[in-house]
Amino acid sequence: MNFIEIKIEIPSKETEKATAIAHMITSDGIYIEDYNQMEKDIIEIAHIDLIDENLKNKPRDISVLHIYFNQSLNIEKSIEFLKNKLKEQDISYKITTIKAKPTDWKNKWKEFYHPIRVGKNIVICPKWENYKLNEGDIKVVLDPGMAFGTGMHETTKMCVELLEDLVTHDCKILDIGCGSGILSIASLMLGAKSIVGVDIDTLAVKVSNENAKLNDLSNDAYKFICGNLTENISGKFDIICANIVADVIINMLNNIKQFMHKNSFLICSGIIKSKKDDVIDKLRSENFIVKTIKEKNDWIAICCKIN
């Protein structure tokens, strides 16, 4: 069985309306390209500093909806419905039909995601694969979805390595930018008492909760909430992990100490090497002592404490 892809180009300001119309005719899959707020979204969701030149050149005033249909359906009727609804809403559009795609397009990415060993004893294993553990290994079962962390990125690996050395059985952890929940879940598997994970993306919160359940963790041990950095956070934590992006970390350091006590650790990651000195300078200006700096390829992770 094959799928047909329909591409609809629309003005970016009409993306929400057009997407709602598209959902009226298919449940097989919709993918949205919208570069109107690219820089902001990449920082807040993808957590990276650098933007590929091809992405920078994408039009900011046009969105593209990719809509997938089971080929056995009446595609012409669906397209006619789309056209009529878009016209009713005064939305200008350009529709293109693309050749058939395999039915498993939504799961194709899974071919590239396999169990990986991170740090000394953590094994991150996708839920659809089996893995024979060595003595002392800790398995973190994960279903990250297409949009969230798998543990393969250097920034995540360095955070896990630091957490392995810091987590104790009575510590409370705050995970800022929790993504798929890898660092939160790994911390609990390492013996942390409790974690609070926060992400600006509601889907990340949903995925994190689902992954926590996959690992049979106690409901009392974790809480994932939606919010921008620490805006919905209260209390103090023994370890704060911020695997986000350098510029956001720098801004966050203005008030992060209110969530720490004198023995708390702060892990900052997601820092591209060119931003290393900027982050360290800000840490020192806020009276932090840098304890450990890790580097993998072009990425930096920093562990520090309050002076």
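Axes are lines fitted to C-alpha atoms, for helices over the stretch in contact, and angles run from 0 to 180 degrees between N-to-C directions. Helices (H or I, at least four residues) and strands (E, at least two) are DSSP runs, numbered from the N terminus. The model is predicted: local features need pLDDT of at least 70, side-chain atom pairs count only at pLDDT 80 or more, and totals for chains, interfaces and linings use all residues. Residues are numbered from 1 along each chain as its sequence is written, and side-chain values use heavy atoms, with hydrogens and water left out.

**Exercise 1.** Determine how helices α5 and α6 pack, and which residues make the contact.

*Solution.*
1. Helix α5 spans residues 154-166 and helix α6 residues 182-189; their axes lie 10 Å apart at an angle of about 20°.
2. Angles under 35 degrees count as roughly parallel, and α5 and α6 are therefore roughly parallel to each other.
3. Their crossing is right-handed (the near helix is turned clockwise from the far one by less than a right angle).
4. The contact (heavy atoms within 4.5 Å) involves T156, C159, V160 and L163 from α5, together with I182, L183 and S187 from α6.
5. By class, this contact has five nonpolar, two polar and no charged residues (Ala, Val, Leu, Ile, Met, Phe, Trp, Tyr, Cys and Pro count as nonpolar, Asp, Glu, Lys and Arg as charged, and the others, Gly among them, as polar).

**Exercise 2.** Describe the packing of α1 on α4 and locate the salt bridge of K85.

*Solution.*
1. Helix α1 (residues 15-22) packs with α4 at an angle of about 145°, the axes being 10 Å apart.
2. The crossing of α1 and α4 is right-handed.
3. From α1, A18, I21 and A22 meet L82, K85 and L86 of α4.
4. This contact has five nonpolar residues, no polar ones and one charged residue.
5. K85 also forms a salt bridge with E88 at 3.7 Å, N to O (the criterion is a side-chain nitrogen of Lys or Arg within 4 Å of a carboxyl oxygen of Asp or Glu).
6. Both K85 and E88 belong to α4 (residues 75-88) and are three residues apart, about one turn of the helix.

**Exercise 3.** Establish the strand order of the seven-stranded sheet and its edges.

*Solution.*
1. The open sheet runs β10-β9-β8-β11-β12-β14-β13, with mixed pairing (two strands pair if DSSP finds at least two bridges between them).
2. The edge strands, each pairing on one side only, are β10 (222-226) and β13 (288-296).
3. Within the sheet, β11 (residues 237-243) and β12 (residues 260-272) pair in the parallel sense over six bridges.
4. I239 stands opposite F265 in β12.

Technical notes. Parallel < 35°, antiparallel > 145°, perpendicular 65-115°, else oblique.
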